[in-house]
Amino acid sequence: ASERDKKDREIPGEETTNRKISGQKRSEQKINEDDVLHTAIMQDTIATLPGGIALYKIGEKVETLYFSKGVPELSGYTQEEYRVLIQQDALDLVFEGYRERVRCALREAIDNHTDVDIMFRKNHVNGSKKWVQLHAHQVDEQDGWPVLYAVFYDMTKEAEFYIDIIEATDR
């Protein structure tokens, strides 16, 4: 039998096993590096949105599970300040005059398995109100409560533009 045939019949030794394990570790490392790259690309993409995204668990209160950096920016808060604020109900950051309307829209969408698409005003740290467009839909459940994926758009400039047009035509 040739040398090659003998090698093919040999029981893998420590050297062969170590090579296989080493190759497997390199493959796992490559997969992890790819995951990190994809995560970084996704975070950069999210950061370019004129607003932000968030995940909310809708229960007794609206609990924030995740938010991109654009979400606290809509209210003028840092991420650290926002983390403290959202320990309460996330709807507390909605301007009081719109809070119940937003709560009802969320509940209706959950009950009817539809998307939320609503514009409302949000309190800003400087005392002003921001116009925000919210588009959300249910993506999961956690502890028996629906989890919504939400996309926020800052619509303040557009809303002010339309208000100016309406006021100009009323004169």
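Me: Is isoleucine 165 buried, partly exposed or exposed in this predicted model?
Reply: The model is predicted, and isoleucine 165 is placed in helix 6. The relative accessible area of isoleucine 165 is 38%. Buried means under 20% and exposed means over 50%, with partly exposed in between. Isoleucine 165 is therefore partly exposed.

Me: What is the area of the nonpolar surface patch made by Phe161, Tyr162 and Ile165?
Reply: Ile165 belongs to helix 6. Together with Phe161 and Tyr162, Ile165 makes a nonpolar surface patch, whose area is about 330 Å².

Me: At about what angle does helix 6 run to strand 4?
Reply: Helix 6 comprises residues 156-170 and lies across strand 4 and strand 5. With respect to strand 4, the angle of helix 6 is about 130 degrees.

Me: What is the strand order of the open sheet?
Reply: The protein has six helices and five strands. Its pattern along the sequence is α-α-β-β-α-α-α-β-β-β-α. The open sheet consists of five strands with antiparallel pairing, in the order 2-1-5-4-3.

Me: Which strands stand at the edges of the sheet, and why is one side of each left without a neighbour?
Reply: The order of the open sheet is 2-1-5-4-3. Each edge strand has a single partner strand, so one of its sides is left without a neighbour in the sheet. The edge strands are strand 2 (62-67) and strand 3 (116-123).

Me: By how many degrees are neighbouring strands of this sheet turned against each other on average?
Reply: The sheet in question is the open one of five strands. With direction ignored, the average turn between its neighbouring strands is 35 degrees.

Me: Which residue of strand 2 stands opposite leucine 55?
Reply: Strand 1 and strand 2 form a hairpin with three residues between them. Their pairing is antiparallel and extends over five bridges. Opposite leucine 55, strand 2 places tyrosine 66.

Me: Is threonine 64 buried or exposed?
Reply: Threonine 64 is a residue of strand 2. Beyond its neighbours within four places in sequence, threonine 64 is in contact with Leu55, Tyr56, Ile86 and Ala90. Its relative accessibility is 12%, and the limit for a buried residue is under 20%. Threonine 64 therefore counts as buried.

Me: Which residue of strand 4 is the bridge partner of asparagine 123?
Reply: Strand 3 pairs with strand 4 (residues 129-142) in the antiparallel sense, over eight bridges. For asparagine 123, the bridge partner in strand 4 is lysine 129.

Me: At about what angle does helix 5 run to strand 3?
Reply: Helix 5 (residues 96-112) lies across strand 1 (51-58), strand 2, strand 3, strand 4 and strand 5 (145-154). Relative to strand 3, helix 5 runs at about 155 degrees.

Me: What is the phi of histidine 113, and is this residue buried or exposed?
Reply: Histidine 113 is located in the loop between helix 5 and strand 3. Although histidine 113 is not a glycine, its phi is positive, at about 55 degrees. With a relative accessibility of 70%, histidine 113 counts as exposed.

Me: Where does aspartate 143 lie, and is it buried or exposed?
Reply: Aspartate 143 is not a glycine, yet its phi is positive at about 55 degrees. This aspartate lies in the loop between strand 4 and strand 5. Its relative accessible area is 65%, over the 50% limit, so aspartate 143 is exposed.

Me: How many of the 171 residues, in percent, count as buried?
Reply: The protein exposes about 11,800 Å², of which carbon and sulfur atoms supply 51%. Of its 171 residues, the share that counts as buried is 29%.

Key
Residues numbered from 1 in each chain as written. Predicted model: local features only at pLDDT ≥ 70, side-chain atom pairs only at ≥ 80, totals over all residues. Heavy atoms only, no water. Pairing = 2+ DSSP bridges. Helix = DSSP H or I, 4+ residues; strand = E, 2+ residues; numbered from the N terminus. Axes fitted to C-alpha atoms, helices over the stretch in contact; angles between N-to-C directions. Contact = heavy atoms within 4.5 Å. Buried < 20%, exposed > 50% of the residue type's maximum accessible area, 1.4 Å probe, protein only. Patch = residues over 30% accessible without salt bridge, like charges linked within 9 Å, V, L, I, M, F, W, Y side chains within 5 Å. Areas by Shrake-Rupley, 256 points an atom, 1.4 Å probe, with all protein chains shown as cover. Salt bridge = Lys/Arg side-chain N within 4 Å of Asp/Glu carboxyl O.
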